[in-house]
Amino acid sequence: MLATRGLTQTFANQSRFRSANPAFVPPADQRHLAEIIARRAADISFIEFPTLLIEEAGTAFLVTRADPDEVSLLLHALPGEIEIGVAEEPTYPLLSAVASLQTSGAPRAAGIVLDIARTEIIQRFRQMISQPFVDLVILDPESRFLAAYRFELTLWTRARAHRSLDQAKRHLESLPMEKRSFRIAMDELQAYVDRTLTA
């Protein structure tokens, strides 16, 4: 589904004390999310990242798209963990949020890597980690609402997220301006993921 599928191990910082019962998205909330997706269809683009962080009316949630062969699996998936961490790459810190889904096939992961220097996306990230939970919305191959999964953000998870944000800022500030490159760090990460997935 995603080029970031391998990020779960790369950035592993599992949330603790997650409820034994997998969280679910109430039908009214699912309808609300579907309405947001329909209303903002023109804004949703998967060119830059396969997963997007969207904020509306004070709530931030993740959106990704299923491949055609994954639609039936994702309709019956269960939420796993959400992991937030940072990799201190030589040219740029890569702050990530990765949500895993348990399916009847292999586990699936939807992840986003954030550019710490982009104020607007960091504001959305701050909004997300201030919430008690975050929803992951799955779109079908035609970008229509397919399903939604809810991940609890425990106090431990939120504290870890804030520490990761601070860690990413400190690492960026420690790098000389001429050495900083989010694009190079992302390309190196993608090369690592490609090697890992094809090994």
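This is a short walk through the model, one selection at a time.

Before you start, note that this is a predicted model, where local features need pLDDT of at least 70 and side-chain atom pairs count only at pLDDT 80 or more, while totals for chains, interfaces and linings use all residues. Residues are numbered from 1 along each chain as its sequence is written, and side-chain values use heavy atoms, with hydrogens and water left out.

**The whole chain**

Show the cartoon. The protein chain has six helices and seven strands, taken as DSSP runs numbered from the N terminus (helices: H or I, at least four residues; strands: E, at least two). Their order from the N terminus is α-α-β-β-α-β-β-β-α-β-β-α-α. Of the 199 residues, 49% are buried; here buried means under 20% relative accessible area, exposed over 50%, and partly exposed in between (1.4 Å probe, protein chains only). Switch on contacts (heavy atoms within 4.5 Å): among those with a separation of 6 or more, 68% link residues 24 or more positions apart.

**The four-stranded sheet**

Now select β1, β2, β6 and β7. They form an open sheet in the order β1-β2-β6-β7, with mixed pairing; two strands pair if DSSP finds at least two bridges between them. At the edges sit β1 (51-56) and β7 (145-152), each pairing on one side only. Neighbouring strands are turned by 25 degrees against each other on average, direction ignored.

Zoom in on the middle. β2 (residues 59-65) and β6 (residues 133-139) pair in the parallel sense over four bridges, and R65 has L139 of β6 as its bridge partner. On the other side of β6, seven bridges join it to β7, and these two run antiparallel. Pick D135 there and you'll find R150 of β7 as its bridge partner. The β6-β7 hairpin has five residues between the strands, and S143 takes a positive phi near 70 degrees. Six of the eight residues of β7 are buried, so this strand is largely enclosed by the rest of the structure.

**Helices on the sheet**

Add α4 (residues 119-129). Which of its residues are buried? Colour I121, I122, F125, M128 and I129 to see them. Look down the axis of α4: the buried residues fall within an arc of 110 degrees (using directions from the helix axis to the C-beta atoms), so they line one face of the helix. An α-helix has 3.6 residues a turn, so residues three or four places apart point the same way. The face of α4 turned away from the buried side carries exposed T119 and Q123. The helix lies across β1, β2 and β6, at about 75 degrees to β1; axes are lines fitted to C-alpha atoms, for helices over the stretch in contact, and angles run from 0 to 180 degrees between N-to-C directions.

**Into the core**

Next, select L95, F125 and M128. Of the 43 residues in the largest nonpolar core, these three touch the most other members. Such a core is a set of buried Ala, Val, Leu, Ile, Met, Phe, Trp, Tyr and Cys residues joined through side-chain atoms within 4.5 Å. A second, separate core of 13 residues includes V25, I36, L52 and L139.

Go back to L95. Leaving out residues up to four places away in sequence, its contacts include G85, I122, F125 and S164. Stop last at G85, in strand β3 (residues 78-88), which is buried with a relative accessible area of 0%. G85 and S164 are 79 residues apart in sequence, but 5.5 Å apart in space, C-alpha to C-alpha.
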